Protein chains: 2
Amino acid sequence: MYEGAVQDLIDELGRLPGVGPKSAQRIAFHVLAAESEDIGRLATALTVVKERVRFCVVCGNIAEADTCRICADPRRSDRILCVVEEPKDVVAIERTREFRGKYHVLGGAINPIDGVGPDDLRIRELMSRLSGAEVEEVILATDPNIEGEATATYLARMLRGMGLAVSRLASGLPVGGDLEYADEVTLGRAFEGRRRIDA
Amino acid sequence: MYEGAVQDLIDELGRLPGVGPKSAQRIAFHVLAAESEDIGRLATALTVVKERVRFCVVCGNIAEADTCRICADPRRSDRILCVVEEPKDVVAIERTREFRGKYHVLGGAINPIDGVGPDDLRIRELMSRLSGAEVEEVILATDPNIEGEATATYLARMLRGMGLAVSRLASGLPVGGDLEYADEVTLGRAFEGRRRIDA
């Protein structure tokens with residue numbers, strides 16, 4: 001055990017996800033040795049995030065106002081909606097610069113083992129959003145794992161008969177990857193989704 | 001890229017040791033979802049450590065006053081001094097409850113590759129401390145690795161002829177370990193330091 005303040009810091013750091021006791025100790029010693037100014041910036045960043053950042057009332061993405069930057073952007077199309085699990089998925093898709101529509105963030109995926117059911121996700125908000133708006137296409141961009149697939153299947157069933165084009169992101173081999181090292185499910189999907197080349 | 005405050009937090013977290021971009025993002029989202037009170041406690045712990053914690057003027061250990069708890073404790077013997085690399089080594093040795101003397105924290109080990117020489121460590125402070133005090137025994141408890149051994153050898157040479165008992169912590173098999181999995185250097189040391197059992 002360390003003297004008061006250092007142990008307090010180790011305890012608080014140890015509550016963060018992915019920070020074990022050893023990492024907490026290492027970070028605490030880094031803090032001790034670092035410039036006060038740098039640590040002040042970190043402490044401020046923590047406080048500012050809690051004060052200023054909330055969730056967009058429209059899409060559930062993180063926002064510093066009532067609506068997020070994307071929902072507030074008039075250049076983005078309201079006709080195509082991309083449904084994702086988490087705000088970090090929005091960031092990943094934005095990086096591709098491929099998508100110019102809007103998002104809906106579910107806040108997770110259906111996961112019976114962790115006790116996450118449809119009612120725990122922002123599905124009701126999605127349905128009321130679709131009923132009123134001019135959306136023509138919904139892209140289900142949940143994760144390509146069991147929970148994400150289950151959520152996409154559930155949503156696809158709910159969206160049936162609403163006159164919407166519903167799609168799912170393509171599965172296949174990652175670009176730059178090595179066929180030999182692809183797992184069999186991915187390789188199977190890559191076969192299933194193969195595209196004809198016009199020679 | 002995230003909106004302002006979240007990205008600022010990710011940047012600041014990413015400067016901590018052992019926190020990569022993915023971990024920084026994960027921690028930032030944890031912060032977003034956590035109770036404001038909990039994050040407030042973390043921000044305060046960071047600030048308090050920088051305001052209150054310094055290094056003991058006597059031994060170099062972390063302290064919340066001019067001298068640390070151990071140096072200030074009259075029940076601890078001044079006759080036996082344990083030399084360690086870092087404050088965390090003090091904590092590790094204190095946990096054993098085997099040692100009732102005092103410490104001297106070097107602040108690292110001699111490491112030519114990282115450009116750490118004897119002058120970068122608190123060796124001068126050690127020598128002046130030994131010249132004035134009633135120390136009879138010095139235990140060199142630097143790490144059992146190349147840098148720690150080099151530092152211990154260097155110190156042992158400097159302490160020669162001062163009429164002090166100088167010792168090094170025993171190397172050998174870790175208790176609860178498996179002989180089969182011990183590396184050859186450790187096993188070699190265990191042979192070298194074998195003890196006679198009186199049957």
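## The 56-71 stretch of chain A

In this predicted model, the C-alpha atoms at the two ends of residues 56-71 of chain A sit 8 Å apart. Helix takes up 0% of that span, and strand 12%. UniProt, in an unreviewed entry, lists residues 56-71 of chain A as "zinc finger region: C4-type".

## Where α3 of chain A meets α2 of chain B

Now for the contacts between chains. Helix α3 of chain A (residues 36-52) and helix α2 of chain B (residues 21-33) have axes that come within 9 Å and cross at roughly 50°. Because of that angle, α3(A) counts as oblique to α2(B). As for handedness, α3(A) and α2(B) make a right-handed crossing.

Who's touching whom here? On the α3(A) side you'll find Leu46(A), Val49(A) and Lys50(A), and they meet Val31(B), Leu32(B) and Ala33(B) of α2(B). Sorted by class, the residues of this contact come out as five nonpolar, one charged and no polar.

## Where α2 of chain A meets α3 of chain B

Swap the chain letters and look at helix α2 of chain A (residues 21-33) with helix α3 of chain B (residues 36-52): their axes come within 9 Å, crossing at roughly 50°. That crossing is why α2(A) is classed as oblique to α3(B). The handedness of α2(A) passing α3(B) is right-handed.

Val31(A), Leu32(A) and Ala33(A) supply the α2(A) side of the contact, while Leu46(B), Val49(B) and Lys50(B) supply the α3(B) side. The class tally for α2(A) with α3(B) is five nonpolar residues, one charged and no polar.

## The parallel sheet in chain B

Over in chain B there's an open sheet of four strands, paired in parallel and ordered β4-β3-β5-β6. Its edges are β4 (102-105) and β6 (165-168) of chain B, each of which pairs on one side only. On average, neighbouring strands of the sheet are turned by 25° against each other, ignoring direction.

Zoom in on β3(B) (residues 80-84) and β5(B) (residues 137-140): these run parallel and are joined by four bridges. Within that pairing, Leu81(B) stands opposite Val138(B) of β5(B).

## Helices packed on the sheet

Which strands does α5 of chain B touch? Helix α5(B), residues 123-132, packs on the sheet against β3, β4 and β5 of chain B, with its direction at about 150° to that of β4(B).

Then there's helix α6 of chain B (residues 146-159), which lies across β3, β5 and β6 of chain B. The α6(B) helix runs at about 160° to β5(B).

Technical notes:
Residues are numbered from 1 along each chain as its sequence is written. Chains are lettered from A and ligands numbered from 1 in the order in which they are written. This is a predicted model: local features need pLDDT of at least 70, side-chain atom pairs count only at pLDDT 80 or more; totals for chains, interfaces and linings use all residues. Side-chain values use heavy atoms; hydrogens and water are left out. Two strands pair if DSSP finds at least two bridges between them. Axes are lines fitted to C-alpha atoms, for helices over the stretch in contact, and angles run from 0 to 180 degrees between N-to-C directions. Contact means heavy atoms within 4.5 Å. Angles under 35 degrees count as roughly parallel, over 145 as roughly antiparallel, 65 to 115 as roughly perpendicular and the rest as oblique. A crossing is left-handed if the near helix is turned anticlockwise from the far one by less than a right angle, and right-handed if clockwise. Ala, Val, Leu, Ile, Met, Phe, Trp, Tyr, Cys and Pro count as nonpolar, Asp, Glu, Lys and Arg as charged, and the others, Gly among them, as polar. UniProt positions are given in the numbering used here, feature names are shortened, and annotations may be inferred rather than shown by experiment.
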